[in-house]
Structure formats: structure tokens, C-alpha cells
Amino acid sequence: MTAPLAISNRDARRLWLWANGLSPAPTGPVDVPGTIRALGLLQIDTIRNVTRAHNHILWTRNQNYREGMLWPHLAGRALFEHFTHDASLLPVEMLPLWQVQFRRLGERAARAAWYQSGLGQQEIARIRDRIAQEGPLSTHAFDTKAESREMWARPPHKKALDQMWYAGRLATSHRENFVKFYDLGERVFPGHDPAEDAHALLRLGDDALDRLSVATPGEVQRFWGVATAPETRGWAAQADTVPVRIQCADGTWRDALAHPDIETRLARAPAATTRLRILNPFDPAIRDRDRLARLFGFDYRNEMFVPAARRRWGYYVYPLLEGDRFVGRIEIKADRAAGLMRVTGFWPEPRVKWGAARVGKLDTELARFGRLVGIDDIQWTAARP
């Protein structure tokens, strides 16, 4: 048997950053659907420390992007919104494969106690009938009240809307100021022939590996968040892949699978630009934290929902990527009304020296980040490096 192809850690990093659109300088014409198609999906999130995650992720790949450029592509049906590992936007071409996710999440939501609305079937039908008759409606068009004041409490009508949304019976028509408007699935989703579940799961595995280039079966499974572990092992047993060994950041080696044209990809993938980038906590390049730690030796966790006294870093902390290594992390808060962006925390990575040149790169990127949201005044309340 031919020995598995050995891929050094530097080459694995180079390949992964290229696959994520982080190798070239982030300039040129803005192509929002094309960027999302290349990434596979774009996570959307409500938190806006500086700008919301989806805007930041797109801006990181093209700094000509501006807030407001995303949502016309959802309303124009180039994208659709559903749930992967979290709420995400996906290319409309994925819809035939995504029927398996509609079905699975719809059944799961129908069983889960969390989504039991307490409404009768006739009341739920009336909610859907209102949307059918009146057109897209947001949750604010309904008036049932949540039973508690807990952070995650949802009123009965919201639970009913989301149950139907997970199942694909309702779909996101558009968003206004990030508020979701629900419409009938058949009015939002274009006509298509749904793929059989078995075929869809095989294609989703192939499409995940295409975007990962090299991955373990677990990483393939986590990419879309649709298949089970046994289903992913079944995909791996019959998929057209190349066995490889990947060198981890700590020097150890790990068996993995690669796309059939892995050698061509390794030859084509350019070295990452040496500029310093501020990445979003939800950026797809760092979403799989175990993969991130193995490839880059960077231990990163979101601490937004960790009590302040137990946080190691801060509430909303951005990783700092320079070239193909993570050199630190930073916490930034924007006050748009005051036209001010504050750096409230800074943590260099161990054994990374922050000389004048690196600090200058960070200042330049902070200035670019501020311009995204119309802010020129950047102040440090944390100690500067």
C-alpha cells in the first residue's frame, strides 16, 4: 500500500487559510454570495460589540464590504437561512440537499420540551394562516407572552413559529434591522427536486471535505452539523478521498482524509499575506476549536455566557492572526453614538514579541475596522503593547 501523504504543519496552515479566503489581501470587488458559497455557510449573530459577526466575517475577506450589503441577497433568494451548528446563511444551491436537515430538525423541535409552545394545533394553524394571508410577518405581529423573564424565555407564538421554521414549513423571507420575517416555505424556496436522504448525506460529506481540503471524519461531521457520527463513518468508507497524515502544531501527527486533488491544492495554495487581521469569534476559520488548537496551537473559547468572575479573557474577544500564526487576542467595544472605539483588553500570545512593527500593523487594522462602522477615534483603556 502507498504510504499516506504527509502534510507538514506549515503546509496544513497554509492550505486552511487559503480555503477560508484568508490568504490574499482582502481587496477587490465585493461578491457576497460568492464568498458564502466558497465558505459553505455564514453564521449570523445578534451581538454587536463593533459590528455583527456576519458583517465582520465578510469584511475580513474583503474590506470593501460595508454593513447592509448582505441582506439584499437573502431577500433576493441567492441565499437562504437555516440552522447548521447555529443560525446561518447558505447558498440557495444547497436547498435540494438541505431537505434532510429540515426534516430532522423539524422532528427534533416537535419532540423537544424547549419548543413546546402550549398552543393547540388550531392555534398554530392560525399563525400560519395569518402569514399565508398577510405575507411575511415578524414575531412582533403576534401577542402571546412568555411565561417567565429568563433570558432565553420565548412566548408561545415564537416557539410555534420556530418549530415550523426548523421544519421548512416557514422560511426567513428577509430581515429588517436584524428582525426575522417569516413567510411560507413554498413562497421563499424556489422549486427544486429534493435529494434522497442517503444521497444528500453523501453529497454533504463531499462538499464539507471540498471546503476543508483535509479533515478527520469528525471535522467533516461538524462542518454542516447534519449527519450523525455513524453516517459520517459510512460516508468516509465510500467517499473518494486520499489518506494523509497531518502534522499538528505540537509536532505530533494525525491521520486524516483529503480531497482527491490535494496535491494540486497544496501546489496552488499561496502563503498567507503577512498583514495582521482581527478575526471574529464566529469566523469559520476558527469555529472548530479542536481543529484550531491542533493546527495552530491556539486555545480559544467564547466566554460571552461565562460569568465575568470566571472568564479567562473577556466578554467578546477577537483573535489576532498575523500571516499563518495567532499572535494575541483583543477586546474592542464601539460606541457609535460617541464615534468612539475602545480597546478594553489585550493579551499577547506566549513567546510572541510585540515590537513597533507588529504594533503598527495592529493600529492599522484597528483603523480599518473602525472605518467599517464609521469610527475614526480609537482609544486604549487596556495597556498598549
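Here is a walk through this chain, from its overall build down to a few individual residues.

Keep in mind from the start that this is a predicted model. The chain holds 14 helices and 15 strands, so there's plenty of both to look at when you turn the structure around. For 385 residues, a compact globule would be expected to have a radius of gyration near 21 Å, and the chain comes out at 22 Å, which agrees. If you lay the C-alpha trace along its principal axes, the spans are about 65 × 65 × 40 Å.

What about the inside and the outside? Of the 385 residues, 52% count as buried. The accessible surface adds up to about 18,000 Å², and carbon and sulfur atoms contribute 50% of that. Looking at contacts with a separation of 6 or more, you'll find that 64% of them link residues 24 or more positions apart. As for charge, there are 55 positive and 45 negative charges, and their mean positions are 5 Å apart.

Now for some pieces of the fold, beginning with a sheet. Four strands make up an open sheet in the order β1-β9-β10-β8, and the pairing is mixed. The edges are taken by β1 (5–7) and β8 (214–215); each has a single partner strand, so one side of each is left without a neighbour in the sheet. As a reminder, strands of a sheet pair through backbone hydrogen bonds, either parallel or antiparallel.

Inside that sheet, β9 (residues 242–247) and β10 (residues 253–258) run antiparallel and are joined by six bridges. You can trace the register by eye: V242 sits opposite A258 in β10, and P243 sits opposite L257. The two strands form a hairpin with five residues between them. In the turn, G251 has a positive phi of about 95°.

On the other flank of β10 comes β8, also antiparallel to β10 and held by two bridges. Here V214 has A258 as its bridge partner in β10. A258 is thus a handy landmark, because in the order β1-β9-β10-β8 its strand β10 stands between β9 and β8, and the residue is matched with V242 as well as with V214.

Just ahead of β8 there's a residue worth a stop. S213 lies in the loop between α9 (197–212) and β8. Its phi is positive, about 70°, although it is not a glycine. Is S213 buried or exposed? S213 is buried, because its relative accessible area is 2%, and the cut-off for buried is under 20%.

Compare that with N177, which sits in the loop between β6 (170–176) and β7 (179–184). N177 also has a positive phi in a residue other than glycine, near 50°. Its surroundings read the other way, though: N177 is exposed, with a relative accessible area of 77%.

Back by the β9–β10 hairpin, have a look at A293, found in helix α13 (residues 289–296). Which residues does A293 touch, once neighbours within four places in sequence are set aside? The contacts are A249 and F298. A293 and D250 are 43 residues apart in sequence, while their C-alpha atoms are 9.4 Å apart in space. A293 itself is partly exposed, with a relative accessible area of 35%.

Another helix residue to click on is R128, in α6 (residues 121–134). Despite being an arginine, R128 is buried, at a relative accessible area of 18%. Beyond its neighbours within four places in sequence, R128 is in contact with M164, R169, L170, L184 and E186.

Finally, there's a second hairpin to visit. Strand β3 (residues 79–83) pairs with β4 (residues 87–91) in the antiparallel sense, over five bridges. Three residues lie between the two strands of this hairpin. To find the register, start from L79, which stands opposite P91 in β4. β3 is mostly covered, with four of its five residues buried.

Definitions and conventions
Residues are numbered from 1 along each chain as its sequence is written. This is a predicted model: local features need pLDDT of at least 70, side-chain atom pairs count only at pLDDT 80 or more; totals for chains, interfaces and linings use all residues. Side-chain values use heavy atoms; hydrogens and water are left out. Two strands pair if DSSP finds at least two bridges between them. Buried means under 20% relative accessible area, exposed over 50%, partly exposed in between (1.4 Å probe, protein chains only). Contact means heavy atoms within 4.5 Å. The radius of gyration is taken over C-alpha atoms; the globule rule is 2.2 Å times the number of residues to the power 0.38. Accessible areas come from the Shrake-Rupley method with a 1.4 Å probe; for residues, only the protein chains shown count as cover. Lys and Arg count as positive and Asp and Glu as negative; His and the chain ends are not counted. The place of a charge is taken as NZ of Lys, CZ of Arg, CG of Asp or CD of Glu.
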